Amino acid sequence: MNKKRYAIIGGGINGLSVARQLLLDDPGVSVTVFEKEAAVAQHQSSHNSGVVHAGLYYEPGGLKARLCRRGVELVRNYCLENAIPFDECGKVVVALNQEELPRLDAIYKKSIANGVPGMRLVDAGELREIEPNCVGIRALHSPHTAIVSYGQIACRIAQDIEQRGGSIRLSAPVARLIELGSRIHVELDSGEVHSEHFDFAIACSGLQSDRLAVKSGDEATPKIVPFFGQYYVIDETFKSHVKGLIYPVPDPRFPFLGVHFTKRIDGQMTIGPNAFISLGRENYDGRRPNLRDVADFLTYPGFWKFASRNVATTMRELKTVLSESVFVREAARYVPTLADVAVTPSTRGIRAQAMQCDGSLVDDFVIRRQGNITHIRNAPSPGATSSMAIAEYIVREVLPKQ
Ligand SMILES: Cc1cc2nc3c(=O)[nH]c(=O)nc-3n(C[C@H](O)[C@H](O)[C@H](O)COP(=O)(O)OP(=O)(O)OC[C@H]3O[C@@H](n4cnc5c(N)ncnc54)[C@H](O)[C@@H]3O)c2cc1C
């Protein structure tokens with residue numbers, strides 16, 4: 001029997017995890033990863049908060065809830081097996097006022113429904129024992145939330161793929177996938193059609209996922225609308241003011257978690273990310289707007305519906321974009337001793353957030369197969385935590401059984 005051939009588009013943590021999973025489940029298959037950059041994991045997978053989310057927030061029964069919980073286990077084991085640092089520093093979600101208490105309670109209930117271990121609601125006194133400089137009237141403590149470097153994990157997975165006989169083609173931007181009968185051809189931006197044809201293709205192209213999907217015959221929506229998140233590194237001498245991760249109670253009208261204190265696996269302490277529309281899907285320094293990307297969201301009716309419904313949140317986020325001190329002050333509501341801390345801007349992350357035509361942001365992961373081509377159309381946070389579980393799901397449940 002001929003061995004099955006798989007093309008994976010995108011060498012971020014999701015594409016690499018799918019390639020590895022295929023080789024783990026059947027060492028006899030042929031796997032080729034196409035990555036447009038000169039190295040793997042140059043986009044979301046190396047520009048994020050580095051948090052291994054325990055699964056607190058997600059709708060019970062949804063893909064996020066299920067794949068995040070399984071993903072934690074797989075990421076933790078992978079780090080242990082490969083001597084990759086994994087720090088279970090824990091996290092608190094902090095309510096500052098009475099108004100936030102029902103929402104905190106709702107997150108607690110979801111975390112229990114999702115089977116997150118060790119979750120506890122704590123009062124102000126107990127919060128101080130966990131985070132001595134943090135103020136709040138009540139908090140949710142997740143002792144097993146952890147931090148890692150997803151960029152490091154992705155690089156290790158890439159080595160794994162090559163050791164298992166898979167190949168990774170770098171600097172290979174894919175223009176489209178062409179399905180002709182039972183064969184899939186991979187056409188590159190250069191016009192070259194890859195010499196080998198494939199039985200299955202799995203597109204995990206993050207910020208470009210909607211474009212590749214449409215060019216390959218999938219539906220036009222949901223569309224990716226890029227939201228950047230700025231981080232600031234706090235002055236070294238103040239970093240001991242925060243022990244682990246301190247998060248606000250998220251605003252239910254917005255899918256992002258709010259500016260938080262994030263301990264990094266390299267020892268730095270950061271504040272961020274905020275969330276604001278990005279003038280480019282890969283415009284990391286904010287100084288080089290991409291006209292095609294901007295025109296893309298400006299001509300999307302969904303974007304205007306979203307914008308008109310979120311004026312207040314947008315204005316709040318805009319203040320943190322325009323002023324470093326507003327950004328720091330926002331975070332210092334949780335740790336007042338850091339109100340005047342010096343900060344240095346660090347690289348932005350840009351979220352590949354899928355948006356529907358009606359302006360709603362797609363909350364759950366969206367993974368769909370049409371014929372023998374599968375597209376990840378939405379994999380925002382906790383997409384890195386869930387990456388190895390997303391891979392299991394695609395390989396064992398989405399691809400047709402052999
Ligand atoms: C600010 C921010 C904070 C986050 N924090 C967390 C967190 O703490 N924990 C967590 O679990 N998740 C977090 N996430 C989400 C997480 O980073 C993503 O879910 C995850 O990295 C998605 O991985 P991916 O492989 O799908 O996408 P990406 O990492 O973006 O990879 C996609 C790859 O596809 C390649 N590509 C695109 N188009 C083509 C093409 N046409 N041809 C060839 N290659 C192509 C790109 O170059 C890229 O390498 C965060 C994200 C952001 C932006």
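Q: A polar contact is a pair of N or O atoms within 3.5 Å; within protein, one must be able to donate a hydrogen and the other to accept it, and residues adjacent in sequence count only if both atoms are side-chain atoms. With that settled, which side chains have an N or O atom 2.6 Å or 2.5 Å from an oxygen atom of the ligand?

A: This is a predicted model, in which local features need pLDDT of at least 70 and side-chain atom pairs count only at pLDDT 80 or more, while totals for chains, interfaces and linings use all residues. Residues are numbered from 1 along each chain as its sequence is written, and side-chain values use heavy atoms, with hydrogens and water left out. The 2.6 Å distance belongs to the side chain of Glu35, and the 2.5 Å distance to that of Ser45.

Q: What about the backbone of Ala379?

A: A backbone N or O atom of Ala379 is 2.7 Å from an oxygen atom of the ligand.

Q: And how many residues are around the ligand?

A: There are 38, where a residue counts if one of its heavy atoms lies within 4 Å of the molecule. Glu35, Ser45, Val51, Ala379 and Thr385 come nearest.

Q: Switching topic: which domains does the assignment give?

A: It gives domain 1, covering 5-46 + 151-222 + 363-398, and domain 2, covering 223-355, with bounds that come from an automatic or database domain assignment. Taken over C-alpha atoms, the centres of the two domains are 28 Å apart.

Q: How many residues of each are in contact?

A: With contact meaning heavy atoms within 4.5 Å, 17 residues of domain 1 touch 16 residues of domain 2. The buried area, which is the accessible area (1.4 Å probe) that two parts lose on being put together, summed over both, is about 1400 Å² between these domains, and carbon and sulfur atoms give 44% of that.

Q: How many salt bridges and polar pairs are counted between domain 1 and domain 2?

A: Taking a salt bridge as a side-chain nitrogen of Lys or Arg within 4 Å of a carboxyl oxygen of Asp or Glu, there are four between the domains. Ten residue pairs are in polar contact, both partners being at pLDDT 80 or more.

Q: Which elements give two or more residues to the domain 1 side?

A: Those are helix H6 (209-215) and strand S19 (373-378), where helices (H or I, at least four residues) and strands (E, at least two) are DSSP runs numbered from the N terminus. H6 supplies the largest share of that side, three residues.

Q: Why does the salt bridge of Glu282 with Lys36 tie together parts far along the sequence?

A: The closest N and O atoms of Glu282 and Lys36 are 2.8 Å apart. Glu282 is in the loop between strand S16 (276-277) and helix H7 (291-298), whereas Lys36 is in the loop between strand S2 (30-34) and strand S3 (51-52), so the pair joins parts 246 residues apart in sequence.

Q: Any backbone oddities; which peptide bonds are cis?

A: The bond from Gly272 to Pro273 is cis, with omega near -10°, and Pro273 sits in the loop between strand S15 (269-272) and S16. The bond from Ser381 to Pro382 is also cis, with omega near 10°, and Pro382 belongs to the loop between S19 and helix H11 (387-398).
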